[in-house]
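Trainee: I've got the model open and I'd like to talk through how its parts fit together. Can we take it piece by piece?

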2 protein chains.
Amino acid sequence: MSKGLPKRSEDYAGWYNELVKKADLAENSPVRGCMVIKPYGYSIWEKIQSGLDKMFKDTGHTNAYFPLFIPKSYLSKEADHVEGFAKECAVVTHYRLKNDENGKGIVVDPEARLEEELIVRPTSETVIWSTYKNWIQSYRDLPLLINQWANVVRWEMRTRLFLRTAEFLWQEGHTAHATREEAVEETIRMMNVYAEFAEQHMAMPVLKGVKTESERFAGAVDTYCIEALMQDGRALQAGTSHFLGQNFAKAFDVKFATQEGSLEYVWGTSWGASTRLVGGLIMAHSDDNGLVLPPRLAPIQVVIVPIMKGKGMEPEMLEMANKILNALREKGITVKFDDRDTHKPGWKFAEYELKGVPVRLALGPRDVEQGTIEIARRDTLTKETVSAEGIEKRVKDLLDEIQNNIYQKALKFREDSTHEANSLEEFTEILENKGGFVKAHWDGTAETEAKIKEMTKATIRCIPIDNTLEEGKCILTGKPSKQKVIFAKAY
Amino acid sequence: MSKGLPKRSEDYAGWYNELVKKADLAENSPVRGCMVIKPYGYSIWEKIQSGLDKMFKDTGHTNAYFPLFIPKSYLSKEADHVEGFAKECAVVTHYRLKNDENGKGIVVDPEARLEEELIVRPTSETVIWSTYKNWIQSYRDLPLLINQWANVVRWEMRTRLFLRTAEFLWQEGHTAHATREEAVEETIRMMNVYAEFAEQHMAMPVLKGVKTESERFAGAVDTYCIEALMQDGRALQAGTSHFLGQNFAKAFDVKFATQEGSLEYVWGTSWGASTRLVGGLIMAHSDDNGLVLPPRLAPIQVVIVPIMKGKGMEPEMLEMANKILNALREKGITVKFDDRDTHKPGWKFAEYELKGVPVRLALGPRDVEQGTIEIARRDTLTKETVSAEGIEKRVKDLLDEIQNNIYQKALKFREDSTHEANSLEEFTEILENKGGFVKAHWDGTAETEAKIKEMTKATIRCIPIDNTLEEGKCILTGKPSKQKVIFAKAY
C-alpha cells in the first residue's frame, strides 16, 4: 500500500510536503512564497470557512470588506504595529506598465509612480480603524462587531505550504467596544470560539492561553491564543485573539460620546485564523498512508466503490449502489459513488485512503447476492462485512464515532507528550528526546525567554488561562516564579 | 417621507451615489478608487455569492485559489492580453520598508527591490494557464472545470461605488477542454447560468449576446455577455463568458495527449461576474424612497415593527410578535424583529423602506385585540390590515409575488425602452430623448462602430444570440448588413 510517502518517523517534514502534494491539497506557484490551493484542499478550506462563519454570526458578528491596499503612512500610526509589519510587506509603487522604447518588452512606466506607496495588507487594523473613526460617534454605535474574509501578504523568506506562505487566506475580526471589560470579554469569547471549532470540527485538542510580551501581536495589549500539538511534538499556533486596549483608537483618534455625555476612546479587539489551519489539520491526524480527515471537515465523507468483474456493472449492483447512495444522502451525508471503469478497485482504495475519506463502502457480486456490504474506516484501517439493511444509520453513527476517535487519539497523544521540567537539564533532555509541550517555571522576563529560545529553540507557547498558581523557581535563572508556563518548539 | 435622496428624474447619478451611502451599502476608502463594502452591502454580496456558487457547483465546477500576484513576464505572454491589461495595473516593486536614516519616518527599502516586478492580478488567465500546464497531460485530465472567488485590481481613473472600482471582488471561472465544440458549449452554458441568476435571483431581465471585436476580452476569440438596462436608459454589462480558443494554451504551451495518441493544444474558456452586480441590482429596481430589493437577495426579507405606546411592550403584543416571528422562520423566511424603544415606529418605517426590506409587518394595540396585523410591501408601497391567522403563508406567497412583480416591472421597462432605428437621425434622436436599447443595422466594421461611439457615445452592447437575420443597410455607411445589433450608452 505504498503511496510513495516518506514515513513520519523517518522524515516528518518530507512526509508533510509530499502528502500535501500527492493528496492534491496545494502546490507552490510560480510566484515565490505564494501557493496554489488545489480543488481538494480548497474544499477543506470551504468547510472551515463555513463552520467558522456560522459561529461568528451566531455570536453577533457580520461580514464586511475593506481595501487590499494600505497607505504607507497608515501603517506607521501605531508605533509597535509598524515595527512588527513593515519588515515583510509587498509594496506597490507604480500603477502602469508600458512598452519599452528600446524594445525590451514591457516595463514599469516611470511616470506612473504613486505619490504615496501602498502596502498590500499584512493585516487590516490600520485601514479598518481609520474607517471606524467615521462609523463611531456615540455609545449607540457600539459594540461594532465586524469580520472580514480576505487574503493577506507577509513577505516570508522561508515558506511551507499552508503553514507559512507569503500570501494566505484568513478571516480577521475587528471589534470596537465602549468599555475595557466588554472588549476583554469579546477577546476571550473569540478565543473560545476558535477552541471550540478546533476541538469539535477539526478534532484537534488545543490549549487556551495568553502569550508573553515577546510573542504578542504588534499593537496589542494582550494576545490570547489556541495552541495545538502536531505529531512530531512541535506546537502550532492555530488562532489568536487580541485585546488591543485603546491603542488603535488613539492612533486613529476614534472617540465616542458616552451615555453620560463625555468623549472617550474606544476599546478594540482583533482576532484571526487562516489557511494555516489546513496545515494543522493534516499534521494533527494523518498517517503514513495519507490523510486522515475528521468527518465534519471531509469534502467526501463516504465513498462507494463497486467491485466490477470485467466491463460494466450488473444492473442489480447499480440498483443496490444507488439505493444506498440515496439513503446516505437523505441523512445529509456527502457521498461519492466512484463507478469509473478506467480504474481498478485496488487503485481506488489506495486513492481514497490517501485522500482521507473517512468511510469506504465496497460492493461486490457476492454482496449483491447476499445483501451485504463491506465497510472500512480510514482512522483505524479496519473493515468488516455487514448487512446492507439500515446501512445509512450505521454509517451515520460510524462518522460520529470516527470524529470522536480522532479527537481522543490526538488528545491522548498530547497528554502523553506533555511533560514537566524542574531544571534546565530536565527541560533540555525532554525537548531533545521527546519533544511536545514542556511545563516549566519561568521568571517572567523577556531576557530569560530569549535565552531559553537561543539555547533550545523552544518558545513559550502560552500561559494557560486556567493555570494553577504555585511557587517555584525559574529553570534558567532560579528567580522566583508563580506558575509554570508552556514551552515547545513551534511551527 | 424624504430620505434626503435626490430624485432619479432630476439627478440619477447623485441619487445612486447617495443611496449607496445612506443605505449603508458601501463608501469610498482612504485608498483612491478602492471601496469599503459595509455590512449591509456585503450581506447582499454574500447572497449573490452563494446563489452563483451553487449554480457553478451544480454545473460541475469546483473552487480553487491562485496567487494574488502575477510575474510581469507572464502578463506579456499573450499579445492581446497584455495590451488590454498592462495600462491599468498595480505594480509591486519592493518587499520591505525601513526607518529612514534621516528621520523622515518609514520609507521603501531600496535594497529590497524585486528582481522581477509583480502585478496585482487584474484577472488570472496567465497565472492559471501556467499552472494548468502541469495539471494537464492527457484527455483524462479534461475537462478541467475550476472557479475562483477573489479580489482583483484594475487601476481605473474614474471610479464609482460597485460599478467601477480599482479593487473589486469577483469570481473567475477558468476551464480547459479537449475540443473546440466542448469549450464553446461551456462558454454558452456559463452565459446562460449568469442570465438565469440575473433573472431568477436578481429579478433583472438581460439580453444574451456576443460582443463585437472592439468590446471583446483581451485574449478571447469570442466574448458572450449578459446586458441589463438601468432605469436611466443606460446598459450595464452584468457578466461575461469568454471562448479563449487555444490562445492561452499556446501562450503557456498547454498540450494534451488525445485518446488517439497525438498531442494537441487545449481549448479554454473564462467567465466572470463581480460586485458590479450589486450596483446593477440597485439601479435596476430602486426608487426615490430608497432600495427595492428582490426577496431572494434581501438580507432581511421581513421586518416586524411593534407600535408601542410609551415605554415597553405589553406582554400580549410581545407574545403575538414572537408567535409570528417563529411561524415565519419555520417557513425559512429571514425576519428581523425590531423591538428597540430608542426609535419611533415612523423612523423605523422610513429606515426599512430605505433599506429595501420587501415586507413590513406592523403590530399595534388594536391589532393585538383584534388578531390583525398591517402588512406593507416595499415594491408597490401599498399596505393593508389582514388577519394574523396564517400570516406566514400569506407572507411567503407575497414574497414570491414581489419577486415576480419586480422582474415584470423591469421587463416592461426594458421593452418600453427598446427601439428600432432605421436611420442615423432616428438613432440619434432616440438616444438623445429616450435612451435605452436601440436596434440598428451595422456594417460589421470596427471603424463604423468607433465612429458611432464618437458621435453618440453609444456602443454595441451585443449581437443577440437569438437574433433574426434580415437584409438591411448600415445606419452610418449604408453598406449592407445582415442583422440589427443592440446599441446603448453603457456604464
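Mentor: Sure, with some ground rules. This is a predicted model, where local features need pLDDT of at least 70, side-chain atom pairs count only at pLDDT 80 or more, and totals for chains, interfaces and linings use all residues. Residues are numbered from 1 along each chain as its sequence is written, while chains are lettered from A and ligands numbered from 1 in the order in which they are written.

Trainee: What is the order of the six strands in the open sheet with antiparallel pairing?

Mentor: Strands here are DSSP runs (E, at least two residues; helices are H or I, at least four), numbered from the N terminus. Two of them pair if DSSP finds at least two bridges between them. The six strands come from chains A and B, and the order is β4(A)-β8(A)-β5(A)-β5(B)-β8(B)-β4(B).

Trainee: Which strands stand at the edges of that sheet?

Mentor: Look for strands with a single partner, because one side of each is then left without a neighbour in the sheet. Those are β4 (69-71) of chain A and β4 (69-71) of chain B.

Trainee: How much are neighbouring strands of this sheet turned against each other on average?

Mentor: Axes are lines fitted to C-alpha atoms, for helices over the stretch in contact, and angles run from 0 to 180 degrees between N-to-C directions. For this average the direction is ignored, and the turn is 45°.

Trainee: Where the two chains join in the sheet, what is the bridge partner of A:V92 in β5(B)?

Mentor: Strand β5 (residues 91-94) of chain A pairs with β5(B) in the antiparallel sense over three bridges. Within that pairing, the partner of A:V92 is B:V92.

Trainee: And what relation do the two copies have?

Mentor: Copies are superposed by least squares on the C-alpha atoms of residues with pLDDT of at least 70 in both. Chain B lands on chain A with an RMSD of 0.1 Å after a turn of 180° and a shift of 0.0 Å along the axis. That is why the relation is that of a two-fold axis.

Trainee: Which residue of chain B has the C-alpha nearest the axis?

Mentor: Its C-alpha is 2.1 Å from the axis. You've already met the residue as the bridge partner of A:V92: B:V92.

Trainee: How many residues of chain B are in contact with chain A, and of which classes?

Mentor: Contact means that C-beta atoms, placed from the backbone, lie within 7 Å. Ala, Val, Leu, Ile, Met, Phe, Trp, Tyr, Cys and Pro count as nonpolar, Asp, Glu, Lys and Arg as charged, and the others, Gly among them, as polar. Chain B has 51 residues in contact with 51 of chain A, and by class its side has 32 nonpolar, 11 polar and eight charged residues.

Trainee: Now the helices: how are α2(A) and α6(A) oriented to each other?

Mentor: The axes of α2 (residues 39-58) and α6 (residues 180-201) of chain A come within 11 Å and cross at roughly 140°. Angles under 35 degrees count as roughly parallel, over 145 as roughly antiparallel, 65 to 115 as roughly perpendicular and the rest as oblique. The two helices are therefore oblique.

Trainee: Which residues in α6(A) do A:G51, A:L52 and A:M55 meet?

Mentor: By class, this contact has four nonpolar, two polar and no charged residues. On the α6(A) side, the three from α2(A) meet A:V193, A:F197 and A:H201.

Definitions and conventions: Two residues are in contact if their C-beta atoms, placed from the backbone, lie within 7 Å.
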